Amino acid sequence: MSEKVSIPSATKTEVHTLQERLNQLQVGISNEIKKDREQLASLTLALSRLESHIEQLVPSLNLEVDGEGNADSDSDWIFGEGSDGMGGENIEGF
């Protein structure tokens, strides 16, 4: 176990360059996270608006599937077969 481990050496310039690159990556990641959060907020708002419009179209969302009320997990009826064309509508105006 007396083998020597080779530790790489770096100049101050190389260390500074690596620190700058690390800072740039951190800023880039922070900006991406900010964009993701903004997109999530936009999507949340759009979903809320869609939900509001659906509630106006269908006064009661207590749909029964196989005899059980299950409005939360069976929302795919909106886009699936038998949706009376609702799935293909343009929703950009919401």
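In this predicted model, the accessible surface of the protein adds up to about 8,800 Å², and carbon and sulfur atoms account for 53% of that area. Not much is tucked away from the outside: of the 94 residues in the protein, 3% count as buried.

The fold itself is quick to describe. One helix and two strands make up the secondary structure, and reading from the N terminus gives the order α-β-β.

How sure is the predictor about these pieces? The mean pLDDT for the protein is 76, with 60% of the residues scoring at least 70. Confidence peaks in helix α1, which covers residues 12-57 and has a mean of 94. At the other end of the scale sits strand β2 (residues 68-69), where confidence is lowest, with a mean of 50. Where pLDDT is low, the predicted coordinates shouldn't be read in detail.

Then there are the charged side chains. The count of salt bridges comes to one, and the partners are lysine 35 and glutamate 32, whose side chains meet with an N to O distance of 3.4 Å. That pair passes the test because the cut-off for a salt bridge is within 4 Å. Why are these two separated by about one helical turn? Lysine 35 and glutamate 32 are three residues apart in helix α1, so about one helical turn lies between them. Neither partner is buried: lysine 35 is partly exposed, with a relative accessible area of 45%, and glutamate 32 is also partly exposed, at 42%. In general, side chains of opposite charge can pair when their charged atoms come close.

Definitions and conventions:
Residues numbered from 1 in each chain as written. Predicted model: local features only at pLDDT ≥ 70, side-chain atom pairs only at ≥ 80, totals over all residues. Heavy atoms only, no water. Helix = DSSP H or I, 4+ residues; strand = E, 2+ residues; numbered from the N terminus. Buried < 20%, exposed > 50% of the residue type's maximum accessible area, 1.4 Å probe, protein only. Areas by Shrake-Rupley, 256 points an atom, 1.4 Å probe, with all protein chains shown as cover. pLDDT = per-residue confidence, 0-100.
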